[in-house]
Amino acid sequence: MPSLDQVLALNGDALKLRSQRLNMLASNIANASTPGYKAKDLDFDRAMQQAKSGGSIDQAMSDHTGYRVPLQPSLDGNTVELSVEQTLFAENAIQYRTTLSFLQGQVSSIRRALKGE
């Protein structure tokens with residue numbers, strides 16, 4: 001059974017990765033009409049695997065951040081596809097909130113256990 005530190009650290013890492021991904025996707029959306037802008041994304045699953053196996057969370061973010069290949073290339077070199085970015089942003093925001101709720105539930109359970117409730 002994993003220790004409390006491991007569980008909290010794992011969920012903390014997941015929140016940090018999701019937050020970083022939200023920032024990237026928001027930046028992509030904000031630059032949807034910037035000529036030559038290259039959309040970036042974070043491969044959450046691969047970064048999380050690296051973090052779980054003992055790697056640094058910052059290194060995992062760096063290792064698994066890349067440029068998105070567009071389905072429809074733009075003439076001005078911009079690789080942002082607004083509908084794709086908005087969908088990914090919404091999905092990631094929901095996953096962030098779910099992870100946060102799970103972490104809050106764990107902390108709440110620990111508090112109740114410590115109080116003897």
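**Exercise 1.** What radius of gyration does the protein have, and what would a compact globule of 117 residues have?

Solution. Before we start: this is a predicted model, where local features need pLDDT of at least 70, side-chain atom pairs count only at pLDDT 80 or more, and totals for chains, interfaces and linings use all residues. Numbering runs from 1 along each chain as its sequence is written, and side-chain values use heavy atoms, with hydrogens and water left out.
- Step 1: take the radius over C-alpha atoms, with the globule rule being 2.2 Å times the number of residues to the power 0.38.
- Step 2: the compact globule comes out near 13 Å, but the protein has 17 Å.
- Step 3: look at the spans of the C-alpha trace along its principal axes, about 65 × 25 × 15 Å.

**Exercise 2.** Work out the order of helices and strands.

Solution.
- Step 1: pick out the DSSP runs, numbered from the N terminus: helices are H or I with at least four residues, strands E with at least two.
- Step 2: that yields four helices and two strands.
- Step 3: along the sequence they read α-β-α-α-β-α.

**Exercise 3.** Find the largest nonpolar core and say which helix gives the largest share.

Solution.
- Step 1: collect buried (under 20% relative accessible area, 1.4 Å probe, protein chains only) Ala, Val, Leu, Ile, Met, Phe, Trp, Tyr and Cys residues joined through side-chain atoms within 4.5 Å.
- Step 2: the largest such set has 11 residues, among them L17, F44, A51 and I57.
- Step 3: α1 (4-30), α2 (44-52) and α3 (57-63) each supply at least two of them, and α2 has the largest share with four residues.

Methods
Buried means under 20% relative accessible area, exposed over 50%, partly exposed in between (1.4 Å probe, protein chains only).
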